[in-house]
Each structure stands twice: as C-alpha cells, then as structure tokens.
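This report introduces a protein structure to a reader who has not met it before. The sequence and the model are shown first, and the text then proceeds by topic.

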Amino acid sequence: MANDLLKPYESDHLDLPNRIVMAPMTRGRADDATAVPNPLARDYYAQRAGAGLIVSEGIFPAPLGKGGPGIPGLTGDDQVEGWRGITGAVHAAGGRIFAQLWHVGRMTHPVTLGGERPVAPSPVRITGERIFTRDGLLDHVTPRALTTAEAEETIDAFAAAARNAIRAGFDGVEVHGANGYLIQQFLADGTNRRTDRFGEPTRFAIEVVEAVVAAVGAGRVGLRISPGNPENEIAESDPATTYRALVRALAPLGLAYLHVIERGAYEALADLRPLWPGTLVANFNGPEPTTREAGEQVLNAGLADLFSFGRLFIANPDLPARFATGAPLAPYAGHLVYGGGAEGYTDYPALQAAR
Ligand SMILES: Cc1cc2nc3c(=O)[nH]c(=O)nc-3n(C[C@H](O)[C@H](O)[C@H](O)COP(=O)(O)O)c2cc1C
C-alpha cells in the first residue's frame, strides 16, 4: 500500500502513469506587459513531465483577473502561441498539462490593472496584509462590485479562456475556485453581500463551471476549491453547507476532477468525498511543504484518488522518480520563487544529473 502514489490511474477522462499531481504554482516570470509566458517555462514544465498530471501556474482569463507582476494570460493570440510551445514541450517529454484559470477578484491593485479598480462580488476591502505589485507592497483598495452583466461577462471570459487553452494544446483546464480569489469571494458570505442571483453562494461557481464545460467538454475540466480556508481574509460561516451544495450540483456534470485543498477546521475531504463520484485530487496547504507520507496516507485512507504536491516540485523536477527510489529531496530557494529568470526556476537538477 505504501506505493499508492506511484500506481497508474485511469478514469473516463484521465490516463496517468502515477497519482502525483504537480499543484498549480505562480512563478511570476511572464512578460509583464504582454502576459505572454516566459519561454523558459518550456523547460520548467517539461522537466516536471514525470508528474501524473501538471496543473499550470494560475493564468488570468480576463484582464481584470490579473493578480500581480509577471502573471501570464490566456486572453489573446500571442499568449496562446506562447503556451503552445510549453504544452508541446510537456507532451514531447511524455507529460500531461491542464491550464489553471485564475481570476483574482479583489486580490490585486490598480497598479497591476493599468489603473482600473479591482472587481469583486461586493465592495469589501482587505484590511490586513498589503498586496504585491511591480511597485512593491501597496495597501489594498476597496474593490468595485461587478454588475450582474459584468459577472456574466466574466463567466463568458472563463469559457473563452478555456477555449484558448485547448487551442494552445492544454489537455484541459482547472477552474481556480480556491484560496480567496474571485470564485471563493462569491462562495464566502464574508465577501458576497449581493442581492442579485449571484448572492446565492454557489451560483457564480456553478455558472463558471457550466460555461467552461459547455466550451471544452466536461472531461477536460477540473475545479479547485479550498473549503473553509481563511487565506486572503475569507470568512465562510458554514462551509459544510456551501460546499456540499456545490459538490452536489456539480457531481452530475462528469468533470475530469475535483481538486480539494484541505486547510482549516472543516474536514473537507472526509465530508465531500462521499458526495463526489468522480476523480478527487487532494492537497494540503500548510506552513511546510506537504510530505510524501501525508499524501500516501490520504490515498491509503481512500479520501482521494490523486494527491498534488506544490513546493516539493520546485526544487525536485523529477519528484515521482525520487519518491520511487527514496532519493533525498532538495530544498528550494525561497527568495527565487517569484520573478527573475532561470535561477531557482529551471536550474534545479534531476537526480542523475545531481549525482
Ligand atoms: C510559489 C507558490 C505559488 C502558488 N501559486 C498557486 C496558484 O497559482 N494557484 C493555486 O491554486 N495555488 C497556488 N499555490 C498553492 C499550491 O498549489 C499548493 O496548494 C500549496 O503549495 C500547498 O502544497 P504543498 O504543501 O505541496 O506545497 C502556490 C503555492 C506556492 C508555494
């Protein structure tokens, strides 16, 4: 049982050589003006093609969804072309890659949005930590509430970006509904005070997923959620009720997978697993990188089919091979995570090269 992570996995939509998913990780290296991904990302992702599945860094589906400097987009042809080189390199290396579609909502700043005010379900400002911009850390501004029509346009933008992702050669898309960004701002009662139909906590998330499914097919769509996660000043007074309703509504669609980050008091995996008939990917988002043992325990307990690792993949491009051989894991350089070039990005050696 100890090697569950290394067993192949097959579902109606996925055919993976192992159960190790590379979690989506922002690296801030795209061209800031054009949001075209850095050409180095070809090597970065291809080096990690041994993962059962790679989920890309968050990619904005609409200009107002951009969270900070160096975040790539999927809104135009130049960006699609950039991604095509990356997906081609991953496929040539034998891997599979989904694009994570990430609209940050209020978690951005006018400096990042060409002077525009960030948008959100309701004008609820972050009071705590400041936000990273190309001008350094700045105070948050009060976001502007999306009108109903704008919320609908944002849903359409997710669908259009999903089509672009498939054009760019991605095997599918993951809708980012986690970690306090736009979709979770709708799911959480602390940030959603609307009186239109999107005031119902699950409505926006459901309509985004439905639109993306209509655009590219359910088998190419995953959804990431982080029920009860307080990150980015999210307040959910009753996550069990909200996420059970969301999962029940989405279960009949037959998505490629549901990606659940467990963090906080609510035990999302145990609660939601029985309600989700399809593939479930689990992730823990704690202060330290999640260990192989923690992932194995989740799979052994039957709480998920696949487990995603983030930080371990930064410095260990061949993570599944290291898990297979019990080889030591390299630590990553924290100051090189965001922005910059090859250093701390594509220069972590694989095992053989490291010897
Ligand atoms: C540098 C970095 C960037 C991240 N960027 C994203 C992101 O773009 N989208 C996302 O859903 N999660 C993002 N995360 C969260 C990871 O996907 C993952 O949930 C987290 O790292 C916990 O897994 P780990 O313990 O294996 O690292 C990021 C995490 C890190 C460390």
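## The cavity

Which residues line the largest cavity? The model examined here is predicted, and its largest cavity is lined by Asp32, Lys66, Gly68, Pro69, Val111, Thr112 and Arg134. Sorted by class, this lining consists of two nonpolar, two polar and three charged residues.

The volume of the largest cavity is about 30 Å³. The structure contains one cavity of 30 Å³ or more.

## The largest pocket

The largest pocket encloses about 1,400 Å³ of space. Its lining is made up of 44 residues, and those nearest the centre of the pocket are Thr26, Asn179, Tyr181, Glu231 and Tyr338. In terms of class, the lining of this pocket comprises 19 nonpolar, 18 polar and seven charged residues.

Several elements contribute to this lining. At least two residues each are supplied by β7 (131-133), β13 (280-284) and α9 (311-315). The largest share, three residues, is that of α9.

## The nonpolar cores

The largest nonpolar core has 79 residues, and within it Tyr45 and Leu74 touch the most other members. Helix α5 (residues 203-216) is the element that gives the most to this core, contributing nine residues. A second core, separate from this one, has 11 residues, among them Leu14, Phe98, Ala256 and Tyr257.

The surroundings of Leu74 can be described in detail. When residues up to four places away in sequence are left out, Leu74 touches Ile59, Phe60, Gln79, Val80, Trp83, Ala99, Leu101, Ala161, Asn164, Ala165 and Phe170. Three of these names recur in the next section: Ala161, Asn164 and Ala165 are among the buried residues of α3.

## Helix α3

Helix α3 runs over residues 148-167 and has 20 residues. From its first C-alpha to its last it reaches 29 Å, close to the 28 Å expected at 1.5 Å a residue. Just after this helix, Gly169 adopts a positive phi of about 95°.

The buried residues of α3 are Ala151, Thr154, Ile155, Ala157, Phe158, Ala159, Ala161, Ala162, Asn164 and Ala165. An α-helix has 3.6 residues a turn, so residues three or four places apart point the same way. The cover over the buried residues of α3 includes α2 (77-92), β5 (97-101), β10 (172-177), α4 (182-187) and α5.

## Residues in loops

Two residues have a positive phi although neither is a glycine: for Ala35 the angle is about 60°, and for Glu233 it is about 55°. Ala35 lies in the loop between β3 (20-22) and α1 (40-47). Glu233 is placed in the loop between β11 (221-225) and α6 (239-250).

Is each of these residues buried or partly exposed? Ala35 has a relative accessibility of 4% and therefore counts as buried, the limit being under 20%. Glu233, with a relative accessible area of 34%, is partly exposed.

A further loop, between α8 (292-300) and β14 (306-309), holds Gly302. Because its relative accessible area is 36%, Gly302 is partly exposed. In sequence, Gly302 and Pro121 are 181 residues apart, while in space their C-alpha atoms are 36 Å apart.

Key
Residues numbered from 1 in each chain as written. Predicted model: local features only at pLDDT ≥ 70, side-chain atom pairs only at ≥ 80, totals over all residues. Heavy atoms only, no water. 1 Å grid on protein atoms, 1.4 Å probe; cavity = no way out; pocket = protein on both sides within 12 Å on 5 of 7 lines; lining within 4 Å. Points joined across faces, edges and corners; volume = space filled by probe spheres on them. Helix = DSSP H or I, 4+ residues; strand = E, 2+ residues; numbered from the N terminus. Nonpolar A, V, L, I, M, F, W, Y, C, P; charged D, E, K, R; others polar. Core = buried A, V, L, I, M, F, W, Y, C linked by side-chain atoms within 4.5 Å. Buried < 20%, exposed > 50% of the residue type's maximum accessible area, 1.4 Å probe, protein only. Contact = heavy atoms within 4.5 Å. Expected span 1.5 Å × (residues − 1).
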